[in-house]
Structure formats: structure tokens, C-alpha cells
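Thanks for sharing this one. Here are a few friendly notes to read alongside the structure, starting with its internal space and then turning to a helix contact.

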Amino acid sequence: MKSDAKMDNLFILAEDVVKTAPTNSVTLDLPTYKEKLQVKIMKLNHPEMEFDIIGINPALINAFRRILISDVPTMAIEKVTMHQNKTVIQDEVLAHRLGLIPLKANPKLFQYRLMGDQTGTDRDSLHYSLHIKCTKNPLCRAGHYRPEDLYVNHQVLSSDIKWVPIGGQSRLYKEEDVGPVYDDILIAKMRPGHELHVTMVAVKSCGRDHAKFSPVGTASYRLLPYIKLQEDVEGEDAKTLQRCFSAGVISLEERKGKTFAKVENPRIDMCSRNVLNEPHLKNKVILGRVKDHYIFTIESTVGTPPDELFKEAVKIMKKKCVDALAETKKFASRS
Amino acid sequence: MNTDLPKIAEIAGDEDSDEKSRTFLFNEEGHTLGNALRCVIASYPDVTFCGYTVPHPAETKMHFRIQTSGPRAIEILQRGLKDLEKMCDHTLEKFEEAVLTYKTEQMST
């Protein structure tokens with residue numbers, strides 16, 4: 001914790017105003033960026049990651065966030081053919097639900113389908129089928145009333161979706177590489193006599209086209225909270241102060257038989273600023289945010305781990321620059 | 001997506017400014033590139049004004065304005081794009097380093 005961080009590196013959240021030193025934060029130059037950028041991973045596991053990125057400009061980090069949400073491609077079900085739908089769910093609602101199911105397929109191994117191409121090839125499409133019928137359970141004994149005892153296939157789950165290899169796909173992929181990410185997504189509920197038979201085609205696209213292609217549940221950033229006690233807060237006041245912040249932010253320590261408040265972990269504070277409701281405490285605390293210290297959180301909804309998604313986002317940003325640069329050269333030679 | 005359209009064009013009206021002021025039109029781009037590029041270009045000492053706008057939210061078009069005190073606007077644009085590209089490279093490098101550090105730390109504990 002930078003307890004003696006320079007004040008011009010902070011947004012001070014005062015009672016009715018956000019105070020900030022007039023430093024230059026709306027521009028970004030390459031030498032300063034290279035000198036100041038720091039990245040530290042705080043948490044990294046499959047669905048979620050959190051990392052600190054220090055010394056970056058809001059415009060650049062926002063570009064990465066926007067790209068993660070709408071420009072990183074994934075595979076998702078795009079076309080659904082209904083052969084039989086006797087369930088209570090309407091065709092179009094069911095088709096929409098199927099589209100939202102995340103798939104494990106690695107989008108890097110596939111190409112975009114060309115505009116207007118209705119059939120596709122084994123390099124740009126994945127075919128799936130779902131054929132399920134609900135019947136009475138002949139083995140059900142008297143006195144059992146739960147649907148899972150009474151019926152066979154009383155619900156359709158994402159695990160019922162079966163991959164149908166086309167072309168040379170059966171040699172390249174395995175069912176567990178391209179199937180749904182989660183096996184327990186409920187698609188529909190059925191009763192005896194209901195039947196569902198659909199075939200589906202998944203294609204590659206990005207979140208800009210439809211939100212179902214977005215690879216992240218959320219990608220967001222926030223600034224590191226800054227809390228500083230200007231004078232000692234003791235006794236009952238210390239406990240009141242502790243209650244003003246999220247659990248774990250303020251700790252109590254015993255010194256010479258007295259209880260003192262200590263800033264333990266400002267990172268986890270929700271920045272409720274409840275302390276400003278305590279007239280005798282509000283002048284003892286400085287609340288703020290560290291200007292260039294971003295805490296970035298990514299939750300992946302697809303088979304790709306979140307750190308790979310971020311790398312992909314940075315590469316897409318780079319590609320945008322490279323492509324635009326090539327275009328400016330073409331443009332300069334035109335005019 | 002209209003592939004016939006050039007990705008970058010120039011908006012008319014600056015013909016007599018000696019190439020120091022230009023508004024460029026980016027097709028298929030928006031705030032993602034616009035704001036980041038604006039930040040980079042605004043930091044150059046030769047640039048007197050730099051701004052961008054997405055005139056209509058339903059059209060994927062971005063207008064990018066550069067005014068300089070000397071160099072040609074197109075050169076400034078190219079320099080900005082190159083710098084932004086290098087920033088992406090640097091970010092990627094730092095991020096990969098951090099992931100590696102984290103993974104080795106996790107393995108050793």
C-alpha cells in the first residue's frame with residue numbers, strides 16, 4: 001500500500017466534490033507509458049481473473065475492455081433447424097436459448113463464414129444435434145411423485161447436445177473439445193409425449209454481431225481505493241469507523257490499553273463513503289482513488305481462459321492500428 | 001460490412017490549410033480506436049488540436065480531426081498509429097511476464 005503516495009496521484013473523494021491535482025491524464029505518450037507500466041496478476045483461474053495494471057491511461061484500458069466485450073471472436077450456435085418441437089417452449093424462444101449456450105470450441109481453429117454463405121464448410125461451421133423424447137418411467141414404483149422418478153428425460157440439458165462432425169472434423173477434434181462448456185444448462189422441461197428434435201449450426205463471430213458471441217461474462221475495471229487516517233481514531237470511534245467501510249478494510253489494534261483504528265486493506269472497499277455521515281469522523285479521513293492504478297476483472301464464459309482473452313484483446317487492438325496504418329498509406333498514395 | 005468502401009477517407013473542407021489540418025473518416029471504427037488514438041496524438045507537442053467523434057451511433061463511422069502547428073496531419077496520424085501499436089506490444093509483453101511470474105509463484109507454493 002502506497003501510504004505516502006503523492007497527492008497529485010489521487011482523486012480525492014470529498015463530501016461534495018471530487019478534487020484532483022491538475023496533472024496531465026488525458027494524453028498518453030510512448031516513452032512515459034513504457035517507463036511507468038506495471039502489471040501484476042492477483043488471481044487467475046479458469047472462469048475468472050483479476051489483475052492490477054498501473055500507469056495506464058483510461059482511454060487505452062477502456063479500449064481493451066471494449067474489445068474484450070465486443071471484438072474477441074467465439075463460436076456460438078447461429079442456425080437452428082426445428083424438426084420436431086412438442087415442448088411448451090416456442091421455436092423462436094428455444095432457438096434463442098440454444099444460441100446463448102457457451103461452446104468449448106476454440107475460435108482460433110475456425111474461420112469466419114463469408115458474407116452470404118448459407119451452407120458453410122468444415123472450416124467455418126460446427127454441427128450439433130439434439131434429439132430427445134420424454135416418456136413415462138416404466139420402472140417407477142407407486143408412491144413416487146418427483147418428476148425424475150415418474151418420467152424419463154423430463155428435462156433437456158446442454159449435455160444432451162451432441163456434436164455431429166462434418167468433413168474432416170472427426171479427425172481434428174473430439175466431442176469434449178467442441179461441446180457445451182457446462183453440462184447442466186437447462187434448456188427445456190418436458191412431460192410424457194413431448195419431443196424435441198433440432199439440428200444446429202455454430203459459426204464464428206464477435207460480440208458486436210450478437211451478445212451471445214461475447215467471450216466474457218463481464219470485463220470491467222475500477223480504480224484502487226485510497227483511505228488515509230489523518231489522526232488517531234480510538235475507542236468507540238474506531239469501531240464506528242470500522243463499520244463505515246466494507247468488512248476487512250479497517251482493523252482494530254490495541255496499543256497501550258487503547259483500541260486504535262488502522263487501515264488494513266483499502267483494496268476491498270466498496271467506496272460507499274458512509275464515513276461522511278459521521279460528523280465527528282469525516283474530517284479525520286481522506287478518501288480517494290489512485291488515478292492510474294486500475295484493477296481489471298475478467299470473467300470468461302467460453303473454453304478460453306481469461307488471460308488468453310486479454311492477450312487476444314491486445315492483439316486485436318494492435319491489428320486495428322496496423323490495418324489503419326496500411327490504409328493511411330494507401331490513402332496517402334491515392335490523394 | 002461494405003468492403004468496397006475505403007477504410008480511411010478525408011472529409012472535404014481543409015484544402016487550403018497546407019495539409020496541416022485534416023479530418024479523417026474511419027469506416028468500421030468507433031470509440032475503441034478513436035479515444036485511444038486521440039490520447040496518443042494529443043500528447044505530441046506539434047499538435048494544436050486533436051479530437052474525434054462518432055457522428056451517428058448506428059453508423060460505424062468515426063471522424064478524426066488533427067490540427068498541427070507545422071507537420072502534415074497525415075504524418076501525425078501515421079506516427080500516432082505506430083506509437084499506439086508499440087504500446088499494445090509493450091502491454092502484451094508486460095502482461096505475459098506477469099502471467100508467467102504468477103504461474104511460477106503458484107507452482108512453487
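1. Please keep in mind that this is a predicted model. Within it, one cavity of 30 Å³ or more turns up. The volume of the largest cavity comes to about 60 Å³.

2. Which residues line the largest cavity? Going along chain A, they are A:Leu13, then A:Pro225, A:Tyr226 and A:Ile227, followed by A:Phe245, A:Asp269, A:Cys271, A:Ser272, A:Arg273, A:Leu287 and A:Gly288. Sorted by class, this lining counts seven nonpolar, two polar and two charged residues.

3. It is worth looking at the strands here. In chain A, strand E13 (216-229) and strand E16 (285-300) each contribute at least two residues to the lining of the largest cavity. The most comes from E13(A), which supplies three residues.

4. Now to the contact between the chains. Helix H8 of chain A (residues 306-334) and helix H2 of chain B (residues 73-108) have axes that come within 9 Å of each other and cross at roughly 165 degrees. Because angles over 145 degrees count as roughly antiparallel, H8(A) is roughly antiparallel to H2(B).

5. What is the handedness of the crossing of H8(A) and H2(B)? Their crossing is left-handed. As for the residues involved, the contact of H8(A) with H2(B) has 16 nonpolar residues, alongside 10 charged and three polar ones.

Definitions and conventions. Residues numbered from 1 in each chain as written. Chains lettered and ligands numbered in written order. Predicted model: local features only at pLDDT ≥ 70, side-chain atom pairs only at ≥ 80, totals over all residues. Heavy atoms only, no water. Axes fitted to C-alpha atoms, helices over the stretch in contact; angles between N-to-C directions. Helix = DSSP H or I, 4+ residues; strand = E, 2+ residues; numbered from the N terminus. Parallel < 35°, antiparallel > 145°, perpendicular 65-115°, else oblique. Left-handed = near helix turned anticlockwise from the far one by under 90°. Nonpolar A, V, L, I, M, F, W, Y, C, P; charged D, E, K, R; others polar. 1 Å grid on protein atoms, 1.4 Å probe; cavity = no way out; pocket = protein on both sides within 12 Å on 5 of 7 lines; lining within 4 Å. Points joined across faces, edges and corners; volume = space filled by probe spheres on them.
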